[in-house]
Amino acid sequence: MLTVAAGGLTLAALGVVYKSWRAQASTYLYLGLVVWLVSAVCWSMAQGWEFGVLYALCIPAILVWPFIALNQTFLPQPKNVPQPRSFDFARGTVLANVANYFVVLVVFLVVSVLITLGVCALLPFSIAGQLATGTVLLPVLWGLFVYHYLATSHKFKVIGAYAALSAACVPILIFLPM
């Protein structure tokens with residue numbers, strides 16, 4: 001019975017949030033969020049927190065697609081369609097792309113591993129907790145480093161800063177007992 005109530009509250013929350021979007025009224029949005037939180041609690045009580053959180057997040061995410069399809073609009077073709085760039089195999093461009101490839105895939109992998117291990121070595125967890133934290137932290141740091149490197153025009157400064165940060169982590173890894 002609680003599962004049916006949670007499903008009904010999920011549908012009601014989805015409808016209220018949709019109404020808030022259509023009417024551009026924040027009151028309905030806050031009401032919809034409160035109803036959605038109540039439905040998440042009901043899902044968790046009915047199915048256990050593991051599955052309840054999954055149902056509370058996934059069911060609205062799936063059920064929103066018919067609302068999106070109902071409100072789909074097609075814009076006219078733009079008058080000025082940009083043309084794709086042609087391939088550039090000039091020596092300088094190829095060498096710059098190979099250098100970026102090497103920095104992103106090799107240098108920043110090593111830098112992110114050193115920084116992740118250095119940070120995790122300082123955490124007051126057991127080895128298993130440090131390993132779990134490192135497993136989560138490593139791809140996040142690597143992605144942030146790559147994003148920062150590719151977004152900036154001062155690439156050598158970025159590489160130098162991250163190399164200095166990873167060099168600061170090396171003594172931690174050498175001298176701090178695990």
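No charged residues line the second largest pocket. The lining there divides into eight nonpolar and four polar residues. Keep in mind that this is a predicted model.

Let me stay with that pocket for a moment. How much space lies in the second largest pocket? About 170 Å³. Twelve residues make up the lining. Nearest the centre are Leu 117, Cys 120, Gln 130, Leu 131 and Gly 134.

Now the helices. Helix 4, residues 91-122, and helix 5, residues 127-151, each supply at least two residues of this lining. Which of them gives the most? Helix 5 does, with six residues.

On to the largest pocket. The space in the largest pocket is about 210 Å³. Its lining has 13 residues. Look around Ala 13, Leu 14, Val 17, Pro 60 and Val 64 on the model, as these lie nearest the centre of the largest pocket.

Where does the lining of the largest pocket come from? Helix 1, helix 2 and helix 3 each supply at least two residues. For those following along, helix 1 covers 2-23, helix 2 covers 26-47, and helix 3 covers 49-70. Helix 1 has the largest share, six residues.

And the chemistry? Eleven residues in the lining of the largest pocket are nonpolar. Two are polar. None is charged.

So, to recap the two sites. The largest pocket draws on helices 1, 2 and 3, and holds about 210 Å³ of space. The second largest pocket draws on helices 4 and 5, and holds about 170 Å³. Charged residues are absent from the lining of the largest pocket, and absent from that of the second largest pocket.

Key:
Residues are numbered from 1 along each chain as its sequence is written. This is a predicted model: local features need pLDDT of at least 70, side-chain atom pairs count only at pLDDT 80 or more; totals for chains, interfaces and linings use all residues. Side-chain values use heavy atoms; hydrogens and water are left out. On a 1 Å grid over the protein atoms alone, a cavity is a set of points where a 1.4 Å probe fits but cannot get out, and a pocket is an open set with protein on both sides within 12 Å along at least five of seven lines; lining residues have an atom within 4 Å of a point. Grid points are joined across faces, edges and corners, and a volume is the space filled by probe spheres set on the points. Helices (H or I, at least four residues) and strands (E, at least two) are DSSP runs, numbered from the N terminus. Ala, Val, Leu, Ile, Met, Phe, Trp, Tyr, Cys and Pro count as nonpolar, Asp, Glu, Lys and Arg as charged, and the others, Gly among them, as polar.
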